[in-house]
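Me: I am a first-year student with a new model in front of me, and I would like a careful look at one part of it. Please start from a single loop and then follow the connections outward, explaining the reasoning as you go.

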Amino acid sequence: MINSNSMKEKDVTANKRFSINLKLYTMIIALIGIWIIFAIATKGDFLTSRNMSNLFRQMVSTAVLAVGMVFVIIAGQIDLSVGSLLGLTGGIAAIANVWFHFNGILSIIIALIVGLILGAWNGWWVAYKNVPSFIVTLAGMLVYRGILIGITNGYTIAPLSNDFQFIGQAYLTPVSGYLLGMIVLLVAAYTVYSQRKSKVKYGLEVSPFYLDVSKIIAIAILVGLFVFTLNSYNGIPFSVLILAILAAIFTYIASKTVFGRRVYAIGGNVEAAKLSGINVKKITLILFAINGLLAAVSGVILTSTLNAGSTSAGQNAELDAIAACVIGGASLSGGIGSVIGAIIGALVMSSINNGMSLLNSAPFWQYVVKGLILLIAVYIDAASKNKE
């Protein structure tokens, strides 16, 4: 019985994989196109190592939120509270560090625990009280923002201690950056090799060998350019390293674990998931708890980067995170999405903000452009489903 359930869950994942990859590759091409346009429009300023470093630092906060949000969306739910939760947890960490003189690590741990508990609170209402996630998290958005304003009295809390600032403002040394690049390349090469070996083992059709080699070469070029560019400025930002670690962990969870396959199964057909023995309520609770934890991580990183806790931190961040997931290929109807796609979506959003700021465009144009891109992404998703 267990093996049968497992096979069904694997089938659900496999059926979605092609669609996810197609959208992912399309979005990567779109991202490259956006970078080329901004590079031409800014006469090369967009692609300078300094601006690239700023761009990646700016996108980390949204990308971490998107990593958690994409799991919630895959399960067919939504979380509108993460922006306020980001601000609240960042504010709590800043209060602990500045007002109560806790060291950076203890302040961060307190913020992470609060994020985990409040995320579980959202999940409990959704999973065990059957309140729609839209309503629960909309309420959470208002409550958490109100608490933040109340506990800070509307003040900006600064400056943070040096150990707290380290997370958002430190850089890896050039040697560490190249070593990290080598590790990423080796892991990518091993992943491509193991996937090919697994397909051969089960008698599945495999792509031509030269395509796999080309894929590894393309990854090597991208990783090399990434490390070289950032090392040309101050090195790889430490916050980017945190994002890379989270991306690796949650990509593994989504693609290689029973928990990940069950999340996809719930989003694909919740009734079928229940009938196959999946504890939908428990997994829903865990998903929202994880999302709250990652919102706290994002809040800590943003607070550290800004060297201050602010009542305005995280405003509209939930919308950016949702948009990043959808632009990265996640479907709001559930069952489809990926961590890498969500991060690329966040990079697209940040690239638009960064590029238009370099062009001194009026702020309203950023909202207009991002809204249109989101609309197109949802239209493509709906059109592909109608075609199926």
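Reply: Let us start with Asn316, which sits in the loop between α12 (280-306) and α13. Please keep in mind throughout that this is a predicted model. Asn316 has a positive phi of about 65°, although it is not a glycine. That deserves a pause, because most residues other than glycine have a negative phi. As for its surroundings, Asn316 has a relative accessible area of 43%, so it counts as partly exposed, since that class lies between the 20% limit for buried and the 50% limit for exposed.

From this loop, the chain takes us to helix α13, which covers residues 317-327 and contains Asp320. The side chain of Asp320 meets that of Lys370 in a salt bridge, with a distance of 3.7 Å from N to O. Because Asp320 belongs to α13 while Lys370 belongs to helix α15 (residues 363-387), this pair ties together parts of the chain that are 50 residues apart in sequence. The two partners fall into separate classes of accessibility: Asp320 is partly exposed, because its relative accessibility is 22%, whereas Lys370 is buried, because its relative accessible area is 11%.

A search of the whole structure finds 3 salt bridges, and it helps to set the other pairs beside the one we have just followed. One of them joins the side chains of Arg196 and Asp212, at 2.7 Å from N to O. Arg196 lies in helix α7 (residues 174-201) and Asp212 in helix α8 (residues 209-231), and this pair, 16 residues apart, links distant parts of the chain. Here Asp212 is the buried partner, because its relative accessible area is 9%, while Arg196, at 21% relative accessibility, counts as partly exposed. Another pair is Glu271 with Lys274, whose side chains meet at 3.9 Å, N to O. These two residues are 3 apart within helix α11 (residues 270-275), which means that about one helical turn separates them. Glu271 is partly exposed because its relative accessibility is 47%, and Lys274 is partly exposed too, at 45%.

Now let us return to backbone geometry, with which we began. His101, in the loop between α3 and α4, also has a positive phi, of about 60°, although it is not a glycine. With a relative accessible area of 67%, His101 is over the 50% limit and therefore counts as exposed. Phe102 is placed in this loop between α3 (82-99) and α4 as well, and because its relative accessibility is 34%, Phe102 counts as partly exposed. Phe102 belongs to a nonpolar patch on the surface, together with Trp99, Phe100, Ile105, Leu106, Ile109, Ile113 and Ile117, and the patch has about 790 Å² of accessible area in total. Helix α4 (residues 104-128) gives the most to this patch, with 5 residues.

The helix on the other side of that loop, α3, packs with helix α5 (residues 133-152) at an angle of about 20°, and their axes are 8 Å apart. An angle under 35 degrees counts as roughly parallel, which is why α3 is described as roughly parallel to α5. The crossing of these two helices is left-handed.

Beyond α5, the loop between α5 and α6 holds Pro159, and the peptide bond from Ala158 to Pro159 is cis, with omega near -5°. This is worth noting because most peptide bonds are trans. In helix α6 (residues 162-169) we find Phe166, which is partly exposed because its relative accessible area is 45%. Phe166 and Ser239 are 73 residues apart along the chain, and their C-alpha atoms are separated by 9.1 Å. Ser239 and Ile167 are 72 residues apart in sequence, and 6.0 Å lie between their C-alpha atoms. Ser239 itself lies in helix α9 (residues 238-256) and counts as buried, because its relative accessibility is 1%.

Note on methods: Residues are numbered from 1 along each chain as its sequence is written. This is a predicted model: local features need pLDDT of at least 70, side-chain atom pairs count only at pLDDT 80 or more; totals for chains, interfaces and linings use all residues. Side-chain values use heavy atoms; hydrogens and water are left out. Patches are made of residues with over 30% relative accessible area and no salt bridge: like charges are joined within 9 Å, nonpolar side chains (Val, Leu, Ile, Met, Phe, Trp, Tyr) within 5 Å. Accessible areas come from the Shrake-Rupley method with a 1.4 Å probe; for residues, only the protein chains shown count as cover. A salt bridge is a side-chain nitrogen of Lys or Arg within 4 Å of a carboxyl oxygen of Asp or Glu. Helices (H or I, at least four residues) and strands (E, at least two) are DSSP runs, numbered from the N terminus. Buried means under 20% relative accessible area, exposed over 50%, partly exposed in between (1.4 Å probe, protein chains only). Axes are lines fitted to C-alpha atoms, for helices over the stretch in contact, and angles run from 0 to 180 degrees between N-to-C directions. Angles under 35 degrees count as roughly parallel, over 145 as roughly antiparallel, 65 to 115 as roughly perpendicular and the rest as oblique. A crossing is left-handed if the near helix is turned anticlockwise from the far one by less than a right angle, and right-handed if clockwise.
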